[in-house]
Amino acid sequence: MTEQDVPAAGIRSRRPASQAEAAALASAVRLRIIRLTYRRALTNKEIADRLGKDPATTLYHVRKLVDTGFLEPQPVRVGTRGSKEIPYRSTGLSWRLRFDPDETIETAMLEAFLGEIADVGMTKLLSSRLVLQLDQAGEQELQRRLDEVLDELAARPPTPGGRRIAMYVATYPSE
């Protein structure tokens, strides 16, 4: 199953992540690899080049993501110098899992986001901030509605010729 096949079942119906799956996603590098291979297969060298990392380092992360089901190898292809290359593509698994609150995963998500923004530049970032004062029911409604929008967008098939965009959404108490 690919990210484009993700059903709009809702975040609450996702299955809990296993310990191995949660550990695999507790790395900003691995989260960025999943994002890079979303609907586009890349070889380990292509991933390393895009991340500015050594291919041996990215191969370690790629293997961990393959072992836990977040990436799947695609058919072998011949590279520019005639060598055999294995491209990898995201399976969409990360979107179909539910995680218990985990500081390590949250930190990795934020670090991945900051790394991606650093790559594209701050001038490409569209951001906004808002403070609300809600009771518990209002907070639950806000989270439910955000989850619904994100699930709906994740289930949408790619638009041919469309531009890839990424989102990072966070809510937190404002004291």
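Here are three short exercises with worked solutions on this predicted model.

Local features need pLDDT of at least 70, side-chain atom pairs count only at pLDDT 80 or more, and totals for chains, interfaces and linings use all residues. Residues are numbered from 1 along each chain as its sequence is written, and side-chain values use heavy atoms, with hydrogens and water left out.

**Exercise 1.** Find the aromatic pair and say which parts of the chain the pair ties together.

*Solution.* Start with the search of the whole structure, which finds one aromatic pair (ring centres of Phe, Tyr or Trp, the last by its six-membered ring, within 6.5 Å; planes under 30 degrees apart are stacked, over 60 edge-to-face, the rest tilted). Phe113 and Tyr168 are stacked, at 4.6 Å centre to centre and 25° between the planes. Next, place them: Phe113 lies in helix H5 (residues 103–120) and Tyr168 in the segment after helix H6 (136–155), so the pair ties together parts 55 residues apart in sequence (helices are DSSP runs of H or I, at least four residues; strands are runs of E, at least two; both are numbered from the N terminus).

**Exercise 2.** Work out which elements the salt bridge of Asp119 and Arg32 ties together.

*Solution.* The structure holds 10 salt bridges (a side-chain nitrogen of Lys or Arg within 4 Å of a carboxyl oxygen of Asp or Glu). In one of them, Asp119 meets Arg32 at 2.1 Å, N to O. Asp119 lies in helix H5 and Arg32 in helix H2 (residues 28–36), so this bridge ties together parts 87 residues apart in sequence.

**Exercise 3.** Locate Arg77 and its partner Glu46.

*Solution.* Their closest N and O atoms are 2.9 Å apart in a salt bridge. Arg77 is in strand S4 (residues 77–78) and Glu46 in helix H3 (residues 44–51), 31 residues apart.
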